[in-house]
Amino acid sequence: MAWVEQSGSNHWRVRFRRDDATIGSIPGFRSEKAAQDHANDLESDQRRGTWLDPTGGRTTLEEWLTDWWDALDVDTRTEDNYRSIVRNHITPHWGDTALADITNLKVQAWAKQLRAGRLSPVTVAGFVKLLSQILTDAAEDKLITANPIRPRRRGRRNHAARIPEKVWAQPAEVLHIADQVAAFYGPVGAVLVITAGWTGARWGELTGLQRHNLHLFDDDTGFLVIDPQNGALHESAGGKLWLGPPKTDTSARTITLTPSLVRLLRAHLDNHVHPHVFTTPEGALQRRSNFSKRALRPAADGNLNQPRAVLRLQSVKPGLTFHGLRHSHKTWMIADTIPEIAQSLRLGHILKDPVQRTYSHVAPEVTSRLLQCLQDRWDKAVVDVGDSSWRRMA
């Protein structure tokens with residue numbers, strides 16, 4: 001319901017009743033007819049369900065975020081990441097801005113400014129994507145008519161902004177890195193590196209792996225299970241660790257193991273009693289940044305340029321990350337012509353083609369060939385790298 005009131009000698013306003021029975025006001029009309037025309041349009045939009053309260057768009061982004069955080073339903077790690085981006089980048093620029101005043105051109109100018117400040121295009125795109133998500137929810141709550149952000153179509157083509165090729169390693173390089181991890185950090189870290197290289201499992205899947213999900217048999221066969229409910233170790237920005245579901249539904253899977261890895265894992269489990277398969281040398285749960293700093297970076301990059309290093313380590317594969325071990329495993333399977341469906345099931349990927357997903361299966365002989373190829377790669381790596389005392393335990 002809407003009606004017209006005179007608010008001055010030559011001024012009129014439109015009054016309207018909201019759904020919650022409160023009364024709103026739209027001032028500034030210079031004639032009664034203009035005010036009445038607006039009131040008629042308002043009532044028509046209300047009947048169609050398309051009318052938006054003009055005061056909603058005057059809500060600032062920071063005010064809207066109060067309600068938005070309360071309704072957000074994501075895992076703890078994702079929420080921590082969102083809050084960090086909002087606190088450090090979005091709120092300082094947009095916090096006092098009314099939702100209706102945020103335009104696509106203003107957002108693109110902000111993004112350009114961030115990129116000029118040496119932030120990577122991928123990072124800036126993540127900030128814009130989060131702001132877009134916030135504004136989409138504001139539109140669905142009828143505070144603004146629509147999310148104003150649109151894809152950036154104009155601008156200079158930046159050929160230098162290509163995503164760099166991921167660093168991966170040959171089996172002998174992975175084994176060499178593991179040997180250096182064993183010497184510098186401890187055998188517990190070396191077994192973790194080799195397991196990542198020869199299974200392709202993710203960091204959280206391995207650090208969250210518990211003994212009851214690792215099955216090792218006397219005939220040197222075995223497999224590990226990524227549980228759909230608690231098959232991954234998650235870490236929040238604040239340092240909290242907890243077990244939860246793996247990355248996707250298809251990440252819950254069974255990964256078969258080579259004979260050499262079965263023997264290595266069996267000896268590894270005999271050396272500690274923790275319910276988790278992979279821990280720190282001190283028996284605590286692993287943290288990604290700590291492992292990278294204490295073990296993987298020195299072992300992959302080398303430390304010969306650090307005169308105070310207690311143990312001198314050669315550079316083997318500079319820049320290799322833990323995820324690069326998963327990428328290495330994928331590269332090995334491609335080189336060994338393993339069918340794509342077998343690769344996807346082993347890595348927990350989903351095939352894009354729905355027909356291929358439905359009608360493709362992995363025959364037992366394919367699995368046997370995959371394991372034999374991986375075992376052959378291990379045997380050759382051992383010959384290339386040479387003997388190592390810590391590996392004799394297997």
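Colleague: Which residue in β7 stands opposite Glu-235?

Modeller: Keep in mind that this is a predicted model, where local features need pLDDT of at least 70, side-chain atom pairs count only at pLDDT 80 or more, and totals for chains, interfaces and linings use all residues. Strand β6 (residues 232–235) runs antiparallel to β7, with four bridges between them; DSSP has to find at least two bridges for strands to count as paired. Helices here are DSSP runs of H or I with at least four residues, strands are runs of E with at least two, and both are numbered from the N terminus. Opposite Glu-235, in β7, you'll find Leu-241.

Colleague: Which residue in the turn of that hairpin has a positive phi?

Modeller: Residues are numbered from 1 along each chain as its sequence is written, and side-chain values use heavy atoms, with hydrogens and water left out. The β6–β7 hairpin has five residues between its strands. In that turn, a phi of about 95 degrees belongs to Gly-239.

Colleague: Strand β7 has a covered face and an uncovered one, so which residues make up the covered face?

Modeller: β7 spans residues 241–244, and its uncovered face has Leu-241 and Leu-243. That leaves the covered face to Trp-242 and Gly-244.

Colleague: Whose charged end sits over the ring of Trp-242?

Modeller: The rule here wants NZ of Lys or CZ of Arg within 6 Å of the ring centre and within 35 degrees of the ring normal. Elsewhere, Arg-83 lies over the face of Trp-69, 4.1 Å from the ring centre. Over Trp-242, at 5.7 Å from the centre, it's Lys-240.

Colleague: How many salt bridges does the count come to?

Modeller: A salt bridge needs a side-chain nitrogen of Lys or Arg within 4 Å of a carboxyl oxygen of Asp or Glu. Among them is Arg-377 with Asp-336, where the closest N and O atoms are 2.9 Å apart. The count comes to 17.

Colleague: How many residues apart are Arg-377 and Asp-336, and where does each lie?

Modeller: Both Arg-377 and Asp-336 are buried, that is, under 20% relative accessible area, with exposed set at over 50% and partly exposed in between (1.4 Å probe, protein chains only). Their salt bridge links distant parts of the chain: Arg-377 sits in helix α14 (residues 364–385), and Asp-336 is in the loop between α11 (322–335) and α12 (340–347). The separation is 41 residues.

Colleague: Lys-380 forms a salt bridge with which residue?

Modeller: Lys-380 and its partner both lie in helix α14, four residues apart, about one turn of the helix. Lys-380 is exposed at 53% relative accessibility, while the partner is partly exposed at 47%. The closest N and O atoms are 2.9 Å apart, and that partner is Asp-384.

Colleague: Which residues do salt bridges with shared partners join into one network?

Modeller: Start from the Glu-5 to Arg-13 bridge, whose closest N and O atoms are 2.9 Å apart. Glu-5 is partly exposed at 26%, and Arg-13 is partly exposed too at 27%. The network joins Glu-5, Arg-13 and Arg-15.

Colleague: How many aromatic pairs does a search of the whole structure find?

Modeller: Rings of Phe, Tyr and Trp (its six-membered ring) pair if their centres lie within 6.5 Å; planes under 30 degrees apart are stacked, over 60 edge-to-face and the rest tilted. The search total is ten.

Colleague: The rings of Trp-94 and Trp-110 form what kind of pair?

Modeller: Trp-94 is in helix α3 (residues 76–94) and Trp-110 in helix α4 (residues 104–116), 16 residues apart. Trp-94 is buried at 3% relative accessibility, and Trp-110 is buried at 3% as well. Their centres are 5.9 Å apart and their planes at 85 degrees, so the pair is edge-to-face.

Colleague: And which residues do ring pairs link into a cluster?

Modeller: Two of them are Phe-291 and Phe-322, with centres 6.2 Å apart and planes at 85 degrees, so that pair is edge-to-face. Phe-291 lies in helix α10 and Phe-322 in helix α11, so the pair ties together parts 31 residues apart in sequence. Both are buried. The cluster links Tyr-185, Trp-203, Phe-291 and Phe-322.
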